[in-house]
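Colleague: Please take one part of this model and describe it closely, contact by contact. Please then relate that description to the remainder of the chain.

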Amino acid sequence: DFDGTIANSRYVWQKVDVDFFAKRGMEIPRDYVEAISVMSFYNGAVYTKEKYNIKESVEEIMNEWNSQALREYKENVVLKPFVKEYLRELKDRGYKIGLATAALHDYYIPVLEREGVLDCFDVFTDTRDDARDKNFPDIYLLCAEKLGSNSANSIVFEDVLKGVKSSVSAGFNTTAVYDNQPENQWEIIKNTANRHIMDFSELLHKNKRMYLNSEI
């Protein structure tokens, strides 16, 4: 996963959401962020329009979101601490790496390029692949297939509960990544996943916590 898992980008969407609803004289609905976080960009716009009776078209909603977020991704979003080191270590040891994300291609590619890790990834699976949202394991299964692997031989890193649930249900070894989730939600996420980490330093080989094989 990208947003919230390897990238410090949640703040972008928090601001986009706040501004979007404030412009319409509304506060962010309590369950909105959790609901939309696993959806594709398009499906999120459809959900928002239908659920909250937004007068603008789906295309206009997406354009509004995109114009706010794109500059931030291109210029300011960075990877989480120790992600670059972990990706490099995986790559140097010959492991294949895939990105499975609901983020748009135009968001994550500039970040990976600017952070110098684009070459670490062998495949990308995103909204262009027409997979169902992360309530279902489609995007993880498709990413594994692109890598020539399967769920039994792949590790999923995910920060969102629904993504953790769906990847575990499909047989993936799933590692939950902390991203300032509320304490009660983080407890549920930890108990659902196979493993959990507070940050990627825990997985670096030098710390003897790196796991990459069937023994995880």
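Modeller: In this predicted model, Ser151 touches Ala170, Gly171, Phe172 and Asn173, when residues up to four places away in sequence are not counted. One of these partners also takes part in a polar contact: a polar atom of the Ser151 side chain lies 3.0 Å from the backbone oxygen of Ala170. Ser151 itself belongs to the loop between helix 7 and strand 5, the latter covering residues 155-158. Its relative accessible area is 16%, so Ser151 counts as buried, the limit for that class being under 20%.

A second loop position can be described in the same terms. Asp126 is located in the loop that runs from strand 4 (123-125) to helix 7 (138-146). How far is Asp126 buried, in terms of relative accessible area? The value is 2%, and Asp126 is therefore assigned to the buried class. Two polar partners of its side chain can be named. The side chain of Tyr108 is in polar contact with that of Asp126 at 2.4 Å, and the backbone nitrogen of Arg128 is reached by the Asp126 side chain at 2.9 Å. With neighbours within four places in sequence left aside, the residues in contact with Asp126 are Thr101, Ala103, His105, Tyr108 and Ile139.

Tyr108 leads from this loop to helix 6. Helix 6 spans residues 105-114, and its buried residues are Tyr107, Tyr108, Ile109, Pro110, Val111 and Leu112. Which elements cover these buried residues? The cover includes helix 1, helix 3 and helix 4, together with strand 2 (78-79), strand 3 (98-100) and strand 4. Immediately after helix 6, Gly116 adopts a positive phi of about 75°.

Positive phi values also occur at residues that are not glycine. Asn53 has a positive phi of about 55° and is placed in the loop between helix 3 and helix 4. Because its relative accessible area is 67%, Asn53 is classed as exposed. For Asn180, phi is near 60°, again a positive value in a residue other than glycine. Asn180 is situated in the loop between strand 6 (173-177) and helix 9 (183-192); with a relative accessible area of 64%, Asn180 is exposed.

Towards the start of the chain, Thr5 lies in the segment before strand 1. Is Thr5 buried or exposed? Its relative accessible area is 0%, so Thr5 is buried. The side chain of Thr5 forms a polar contact of 3.0 Å with the side chain of Asp159. Once neighbours within four places in sequence are set aside, Thr5 is in contact with Lys80, Phe157, Glu158, Asp159, Val177 and Phe200. Thr5 and Phe136 are 131 residues apart along the chain, and their C-alpha atoms are separated by 18 Å.

The description may now turn to the pocket analysis. The largest pocket has a volume of about 860 Å³. Its lining comprises 39 residues, of which Arg10, Trp13, Val33, Ser37 and Val160 are the closest to the centre. The elements contributing two or more residues to this lining are strand 1 (7-8), helix 1 (10-22), helix 2 (32-36), helix 3 (41-52) and helix 4 (58-75). Helix 1 contributes the most, with six residues. Helix 1, helix 3 and helix 4 thus appear in the pocket lining and also in the cover of the buried residues of helix 6. Sorted by class, the lining holds 18 nonpolar, 10 polar and 11 charged residues.

The chain as a whole provides the setting for these local features. It contains nine helices and seven strands. Its radius of gyration is 17 Å, close to the 17 Å that the globule rule gives for 216 residues, so the chain is as compact as a globular protein of that length. Along the principal axes, the C-alpha atoms fill a box of roughly 50 × 35 × 30 Å. Of the 216 residues, 48% are buried. Among contacts with a separation of 6 or more, 61% are made by residues 24 or more positions apart.

To return to the part examined at the outset, Ser151 is a buried residue in the loop between helix 7 and strand 5, and its side chain has a polar atom 3.0 Å from the backbone oxygen of Ala170.

Technical notes. Residues are numbered from 1 along each chain as its sequence is written. This is a predicted model: local features need pLDDT of at least 70, side-chain atom pairs count only at pLDDT 80 or more; totals for chains, interfaces and linings use all residues. Side-chain values use heavy atoms; hydrogens and water are left out. Helices (H or I, at least four residues) and strands (E, at least two) are DSSP runs, numbered from the N terminus. Buried means under 20% relative accessible area, exposed over 50%, partly exposed in between (1.4 Å probe, protein chains only). A polar contact is a pair of N or O atoms within 3.5 Å; within protein, one must be able to donate a hydrogen and the other to accept it, and residues adjacent in sequence count only if both atoms are side-chain atoms. Contact means heavy atoms within 4.5 Å. On a 1 Å grid over the protein atoms alone, a cavity is a set of points where a 1.4 Å probe fits but cannot get out, and a pocket is an open set with protein on both sides within 12 Å along at least five of seven lines; lining residues have an atom within 4 Å of a point. Grid points are joined across faces, edges and corners, and a volume is the space filled by probe spheres set on the points. Ala, Val, Leu, Ile, Met, Phe, Trp, Tyr, Cys and Pro count as nonpolar, Asp, Glu, Lys and Arg as charged, and the others, Gly among them, as polar. The radius of gyration is taken over C-alpha atoms; the globule rule is 2.2 Å times the number of residues to the power 0.38.
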